[in-house]
Amino acid sequence: KAAGDCRFYIYIYSGLLYDIQKIKEKFYEKKSGKAIADVISLADEIIDENNVVCAFDFHSPYHFGGRNDFPFIVENDKTKIDKYNKFGLILEELTKKDAFKFEHKNSIEPDVGWNLSSNTSFSRYVNLKPYCDIAFSLETPYFGTSKNKVTNENLVYFGKKFAKALKEYLK
């Protein structure tokens, strides 16, 4: 599929929300004593049926200070370092003049500190799919810094820049 404009991403996002609702409905229908694996298998169906090319887990770390006061990418696949760098540098360029900046130097590479490439995560799982180009967690701070503050306005604007970076990355 061609990247199109930002409406493309909103459409895809809305479609996934609809599918998540289907997952909930199917899960509650099947729940009678079955494990959470039902939900995982339904999510897996959606990922496979739609050949998900990119997947992102927007998350906030439970730590403060250092890297945790800035947005950063949790890179989890050594074979995709060039892709993380490409996306990260695009996002950095798009936010360098903004009130809420992303600096790719804050991202954490696989097998650095706690970020073991063997860890289980949603993005790691999707990265293993043959049709996935890139998947990662984007950590956003709770408060930021005095020069890079977390506010509702800044996060919404940052989200728009993230969508633009994705569009540029997919070209």
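**Helix 3 and its sheet**

Student: Which residues of helix 3 are buried?
Tutor: Tyr84, Phe87, Gly88, Ile90, Leu91 and Thr95 are buried in helix 3. Buried means under 20% relative accessible area, with exposed over 50% and partly exposed in between (1.4 Å probe, protein chains only). This is a predicted model, where local features need pLDDT of at least 70, side-chain atom pairs count only at pLDDT 80 or more, and totals for chains, interfaces and linings use all residues. Residues are numbered from 1 along each chain as its sequence is written, and side-chain values use heavy atoms, leaving out hydrogens and water.

Student: Where do those buried residues sit around the axis?
Tutor: They are on the same side of helix 3, because their arc is only 160 degrees; the arc is taken from the directions from the helix axis to the C-beta atoms.

Student: And what do they pack against?
Tutor: Strand 2, helix 4 (122-127), strand 3 and helix 5. Contact means heavy atoms within 4.5 Å. Helices (H or I, at least four residues) and strands (E, at least two) are DSSP runs, numbered from the N terminus.

Student: OK, the sheet. What's the strand order?
Tutor: It's an open sheet of three strands, ordered 1-3-2, with mixed pairing. Two strands pair if DSSP finds at least two bridges between them.

Student: Which strands stand at the edges?
Tutor: Strand 1 (54-59) and strand 2 (72-74), each with a single partner strand, so one side of each has no neighbour in the sheet.

Student: How many bridges join strand 1 to strand 3?
Tutor: Six, and the two strands run parallel. Ala55, for one, has Ala135 in strand 3 as its bridge partner.
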